[in-house]
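Work through the exercises below with the sequence and the coordinates at hand. Each task is followed by a solution in steps.

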Amino acid sequence: MRFWVAIVAFATLLLAPATAQMAGRPITIIVPYSPGTGIDILARALGGELARHWGQPVVVDNKTGASGNIGTQVAARAAPDGQTLLMVAKTFVTNVSLFKNVPYDPVKSFAPVVKLATGSIVLAVHPSVPAQSVPAFIAYVKAHPGEINYGSPGFATPHHLAMELFKHATQTSLVHIPYRGSSGVMSDLIGNHVSAMFVPTHVALPLAQDNQIRILGVASPERVAAAPDVPTLIEQGVTGFDVDIWFGLLAPAGMPIDVVARYNAVVNEFLHAPAMSAALAKQGLITAGGSPEVLGALIERDRAKWQKLIEQAGITAE
């Protein structure tokens with residue numbers, strides 16, 4: 001009997017707020033992007049679950065600017081007491097190679113908590129482009145070097161970097177036309193003002209079904225459940241091509257390991273609830289989860305990968 005009492009007490013401790021003396025203090029989740037974005041929606045859902053689970057108020061604080069660097073800096077300088085968390089997207093690791101003075105180190109300034117979700121992107125073209133596959137598109141671009149353009153929501157966005165990686169991998173030359181946001185570039189892809197673009201899968205699928213764009217391939221290493229008939233770029237001969245969109249949860253460096261473990265356990269439980277999986281699927285995302293080490297390894301791997309490409313392509317956000 002005493003054994004089971006001890007087990008229950010230990011489980012209760014794991015699911016308690018980060019530190020007992022701070023019970024009642026709000027947990028702040030910093031989102032370095034605008035309200036209403038995908039990462040903001042995810043943060044608010046997560047905040048609601050943490051508030052329900054621990055009985056503590058949770059505040060989502062949108063600190064925007066400098067491609068996410070301002071909010072990230074605030075989180076990096078916060079006390080590692082379990083009361084501050086940071087939502088990050090893939091640009092968290094690319095910014096350090098794009099900006100001259102980034103006020104944080106993606107590895108040293110933070111403790112990884114958990115990888116939250118991933119999203120796939122696809123290579124899409126306007127239907128007037130005479131290519132039904134990735135090899136055909138490569139051949140078409142090579143036959144018209146420097147004449148075919150592609151769009152993106154802006155410099156150094158995942159869409160831009162994905163196409164630069166494609167150009168590097170296929171030794172092709174396309175002209176980049178950056179926009180200020182997704183709505184304008186998507187309208188111009190549909191209107192044939194730009195010929196190609198990497199597009200989030202859930203955005204591309206309904207447009208492809210209406211024959212407004214044509215999907216040529218998936219950028220992830222494996223086909224996606226939402227479009228099982230669309231082959232990957234790797235399947236079509238673009239060796240090693242692996243690009244996706246991911247979101248993660250971090251804490252300031254120095255947060256105690258046991259506190260990180262408590263957050264990791266609760267968030268993993270939250271992510272794998274059917275309701276959350278369904279909600280993420282509507283945003284074109286797949287729940288991830290796993291240990292803090294999974295996110296930490298991803299950050300280090302992506303940092304090295306994109307730093308090499310950014311330097312080779314001479315890309316800068318300034």
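**Exercise 1. A backbone angle before a helix**

Task: Decide whether Ala156 is buried or exposed, and state where in the fold Ala156 sits.

Solution. The model is a predicted one. Step 1: the relative accessible area of Ala156 is 9%. Step 2: buried means under 20%, so Ala156 is buried. Step 3: Ala156 belongs to the loop between strand S5 (149-152) and H6. Step 4: the phi angle of Ala156 is near 70°, a positive value in a residue other than glycine.

**Exercise 2. The helix that follows**

Task: Check the length of H6 against the span expected for its 13 residues, then find how many of these residues are buried.

Solution. Step 1: at 1.5 Å a residue, the 13 residues of H6 should span 18 Å. Step 2: the end C-alpha atoms of H6 are 18 Å apart, which agrees with the expected span. Step 3: 11 of the 13 residues are buried, so H6 is mostly covered. Among the buried residues are Pro158, His159, His160, Met163 and Phe166. Step 4: just after H6, Gln171 has a positive phi of about 55°.

**Exercise 3. A salt bridge inside one helix**

Task: Explain how Glu164 and Lys167 are placed relative to each other in helix H6 (residues 158-170), and give the N to O distance of their salt bridge.

Solution. Step 1: Glu164 and Lys167 are 3 residues apart in helix H6, so about one helical turn separates them. Step 2: an α-helix has 3.6 residues a turn, so residues three or four places apart point the same way. Step 3: the side chains of Glu164 and Lys167 meet in a salt bridge with an N to O distance of 3.3 Å. Step 4: Glu164 is buried, and so is Lys167.

**Exercise 4. Salt bridges between distant parts**

Task: Count the salt bridges, and determine which parts of the chain are joined by the pair Asp81 and Arg25 and by the pair Asp105 and Arg303.

Solution. Step 1: the count comes to 10 salt bridges. Step 2: Asp81 and Arg25 form a salt bridge with an N to O distance of 3.7 Å. Asp81 is in the loop between helix H3 (69-76) and strand S3 (84-89), and Arg25 is in the loop between helix H1 (2-14) and strand S1 (27-31), so the pair ties together parts 56 residues apart in sequence. Step 3: Asp81 is buried at 19% relative accessibility, whereas Arg25 is partly exposed at 40%. Step 4: Asp105 and Arg303 form a salt bridge, their closest N and O atoms being 3.4 Å apart. This pair links the loop between helix H4 (91-98) and strand S4 (110-125), which holds Asp105, to helix H11 (residues 292-313), which holds Arg303; the two residues are 198 apart. Arg303 is partly exposed, at 25% relative accessibility. Step 5: Lys90, Asp244 and Asp302 are linked in a network of salt bridges.

**Exercise 5. The largest pocket**

Task: Give the volume of the largest pocket and the make-up of its lining by class.

Solution. Step 1: the volume of the largest pocket is about 950 Å³. Step 2: 33 residues line the largest pocket, and the closest to its centre are Pro158, His159, Ser182, Ile245 and Phe247. Step 3: the elements that give two or more residues to this lining include helix H2 (38-54), H6, helix H7 (182-190) and S9. Step 4: by class, the lining has 17 nonpolar, 15 polar and 1 charged residues.

**Exercise 6. The second largest pocket and Ser220**

Task: Name the element that gives the most to the lining of the second largest pocket, and list the contacts of Ser220 beyond its neighbours within four places in sequence.

Solution. Step 1: the second largest pocket has a volume of about 250 Å³. Step 2: S4 gives the most to its lining, with 3 residues. Step 3: the lining divides into 4 nonpolar, 4 polar and 4 charged residues. Ser120, Ser220, Asp242 and Asp244 are among the lining residues. Step 4: Ser220 lies in the loop between strand S8 (214-218) and strand S9 (244-252), and is buried with a relative accessible area of 10%. Step 5: leaving aside those sequence neighbours, Ser220 is in contact with Ser120, Thr232, Asp242, Val243 and Asp244.

Methods: Residues numbered from 1 in each chain as written. Predicted model: local features only at pLDDT ≥ 70, side-chain atom pairs only at ≥ 80, totals over all residues. Heavy atoms only, no water. Salt bridge = Lys/Arg side-chain N within 4 Å of Asp/Glu carboxyl O. Helix = DSSP H or I, 4+ residues; strand = E, 2+ residues; numbered from the N terminus. Buried < 20%, exposed > 50% of the residue type's maximum accessible area, 1.4 Å probe, protein only. Expected span 1.5 Å × (residues − 1). Contact = heavy atoms within 4.5 Å. 1 Å grid on protein atoms, 1.4 Å probe; cavity = no way out; pocket = protein on both sides within 12 Å on 5 of 7 lines; lining within 4 Å. Points joined across faces, edges and corners; volume = space filled by probe spheres on them. Nonpolar A, V, L, I, M, F, W, Y, C, P; charged D, E, K, R; others polar.
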